[in-house]
Every structure is written in C-alpha cells, then in structure tokens.
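Here is a short briefing to keep beside the structure. Have a look at the model first, and then we can go through it together.

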Amino acid sequence: MRDPYSVLGVRRNAGPDEIKAAWRAVAKAVHPDQNKDDPLATQRFAEAGRAYEVLKDPKLRNRYDYARREAELRRMEEMKRKSRGATEDETVDPETAEDMISRIFGADNRVKPQETAKPQEPRSQERKPAAAAPQSKAEPKPEAKAEPKVEAASEPDSRPEAKEETTEKPAGFGGFPRAAAPAAELVSAIVRRIRGVANKTADKVPEIFCDVTVSVEDIFRREKATATLPDGQTLKVTLPVGTTDGAVIRLKEQGYRLNGMLRGDVVVTVRIAQDAAFRPDGIDLRTTLPINIQDAVLGCETTVETLTGRVKVTVPAWSGSDHVIRLKGHGLPSADGKRGDLLVELRLMLWEKPDEKVTDLMRSLRNGLYL
C-alpha cells in the first residue's frame, strides 16, 4: 500500500476535516464514471478509499504512523551498518548525531558560538601557523596553486588547508555522513533540535495519546480499564476517585523507549459510554423515568434505579416532561470524598392501547364540553 498521505495529498499533521475534504476531491477526480477511458481509474479510486479509511480512524492512523517510524529507524540502522562496513579500512572521524543534524539543517542552525567557543580555540590556534607556511612556498612557483587540490584529493586530512575548507563549507542534504550515527541518536538529536535544546543531555521521548472507554459502573467501582496503544499493546489504567468524562490520566514512563532518551509517558483520555440507564454530567448522573398521563396529573410514588440499587421517588402532581427530581448523593464520587446527585428526568408516556375515557375527556376539554 502506498503512503496514504501521498495518495490524498495531505500533510502528516492534517486534521480530520482536511483529510475528509482531500478524499472527496481525489475521489471525485479519479472516479471511474469520470474517467471511463482510463483502465486504472477503478484501481486509483479504490486506493484513495483505502487511504481515507486509514487516516480517518485515529487508531489506524496512529498505528500506520508508528509502523512508518519503525521502518525509518530500521532503514537508518541498515544504512549505519553498511556505512560502518564500508569505512572499516578508512581513517575518518565518525560523525555524531548532533553534527549530522547540524549538517542537515544547515550552518545557521548549529549550536550557538558561546556554547562551543572554548573547545574550538585550540584548533583555530593550530591552523594559523600551519596555514602561513604554504603561502611563503607558493611565491616562487605560480603552478603551486594547483598542488593543494591534488593533495587534498589524495590525503583529505593531511593538510590544514583541506580541513579549513571542510569545516567552513556548510553542508546541506547532499551526501551521506562519513560514519553514520545510530538511528536512535538521530531521533534524539532531531527532537532536541526542534525543541531548541543545544546540549546533549538526555531528552524525553514524545508522549503517546490514546482514549479508553468505560462505563459509569466501572468508575463507581474503580475498576481497571484497558487502554490500547497505537502499536496494539495494552495497558491497565486505574481510574482515580473523581474521574469524569474527558478526564486525562498520565502514565509515567509507560511509553516508547529510544536509546539516549528518557522513556516517554502515555496520556489516556477517559470517555464514559452513554448507556440507557445513566448519562454522566460531571459527577452528577441523569436518568429517565417514564410516567403515564394519569400519574403526571395526579402524582404518584414509584422507584428508580441507582448505582446502589432501587430507591423510592415521589412524583409531584401535575408534573410535565420538563420536571426534574434530584436525588442527593446518588451520583459519582468526587475527589474530595463527596458524591454527586442523580437527576431524574420525567418522560410522559401514553398507554400502549388507546383509552376511551381519556380520549373522551381530552375531546371534551378541547371542544368545551363537560361530561
């Protein structure tokens, strides 16, 4: 399967709306009905559909992004292994991860001068007297100007002039490093470069974000929920007291590992399932109590289901569907040890079969007749 981002032509950080709009545009452009002369139209239309299926689902998208990063790391490791074997007989200085990132991002993004001024001073002092000697020898022989180029090609590190050209010349994306740094170090260096950390102190792997869906009963009983990471691994999440819909739980050092970096965290967002019995409203709960027209007009006593069993509730006379009965202390527990309330919403229901007496009464009230 081709890269779904490339198929739809969107950025890797594109939002759901952007992805949906891109898919519609691509699907319209490659639809077989619009390209009857193109034998590959059906194939391209199916490919766009598969790409959209991957990117619209957060779990599938995270799984694909993780697999792509792993493949890139493996490719870097293979490149490092090959370059190491190719340079076994060469006397070259290995390039560190920070040097490689500085080379890729350009000389302007290197470490600030005040941070590296001290280690560079001895090297600059050694170059000055060595660089002055070739100038005095080159005066009687004009053709000596070509000699540094020939010697620099055969012995790149033997002359100071060659080293001067190598260090002063900014390197871009062209060419691979003489000795590739480990892939994990490259990732660490890239993260430090993006975050503006110039030193080589251990940084932290980026966080992993995922959701976990639980029920109201799970929160009340403090059951452990199971969170699924983008790579398919599962983690047990303890629901603390006071957990509500949308609460964020951070699992310290439960994320991915990378060499040279601190293990990352897992950030879990709790989603409470909306079932028929209870609907969360912060630490309060809402439930529906159906009543018939007779009980709504005359009032009644009935029972309602709570988290700890059924309790009695009194419906006042002349209660409509907008009436709410509050049961104190029958909601979810809060962080301070208290409990929310249960809000009982009345819902006016008719009998399954029509009642002739009620029908006659409503007809007489509408027409102004009294029996």
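Which element of the protein has the lowest mean pLDDT, and which the highest? Helix α7 (residues 147–154) has the lowest at 40, and β12 has the highest at 95. This is a predicted model, where local features need pLDDT of at least 70 and side-chain atom pairs count only at pLDDT 80 or more, while totals for chains, interfaces and linings use all residues. Residues are numbered from 1 along each chain as its sequence is written, and side-chain values use heavy atoms, with hydrogens and water left out.

**Confidence**
- The protein averages a pLDDT (the predictor's confidence in each residue, from 0 to 100) of 75, and 67% of the residues score at least 70.
- Over residues 107–181 the pLDDT is below 50.
- Where pLDDT is low, please don't read the predicted coordinates in detail.

**The pair α2 and α3**
- The axes (lines fitted to C-alpha atoms, for helices over the stretch in contact) of helix α2 (residues 16–30) and helix α3 (residues 41–56) come within 9 Å and cross at roughly 170 degrees.
- The two helices, α2 and α3, are therefore roughly antiparallel (an angle over 145 degrees) to each other.
- In contact (heavy atoms within 4.5 Å), W23 and V26 are among the α2 residues, and F45 and Y52 are among those of α3.

**Around D341**
- D341 sits in the loop between β12 (324–327) and β13 (342–349).
- D341 is buried (under 20% relative accessible area), at 10%.
- Not counting residues up to four places away in sequence, D341 touches several residues, including I283, L285 and H330.

Conventions:
Axes fitted to C-alpha atoms, helices over the stretch in contact; angles between N-to-C directions. Helix = DSSP H or I, 4+ residues; strand = E, 2+ residues; numbered from the N terminus. Parallel < 35°, antiparallel > 145°, perpendicular 65-115°, else oblique. Buried < 20%, exposed > 50% of the residue type's maximum accessible area, 1.4 Å probe, protein only.
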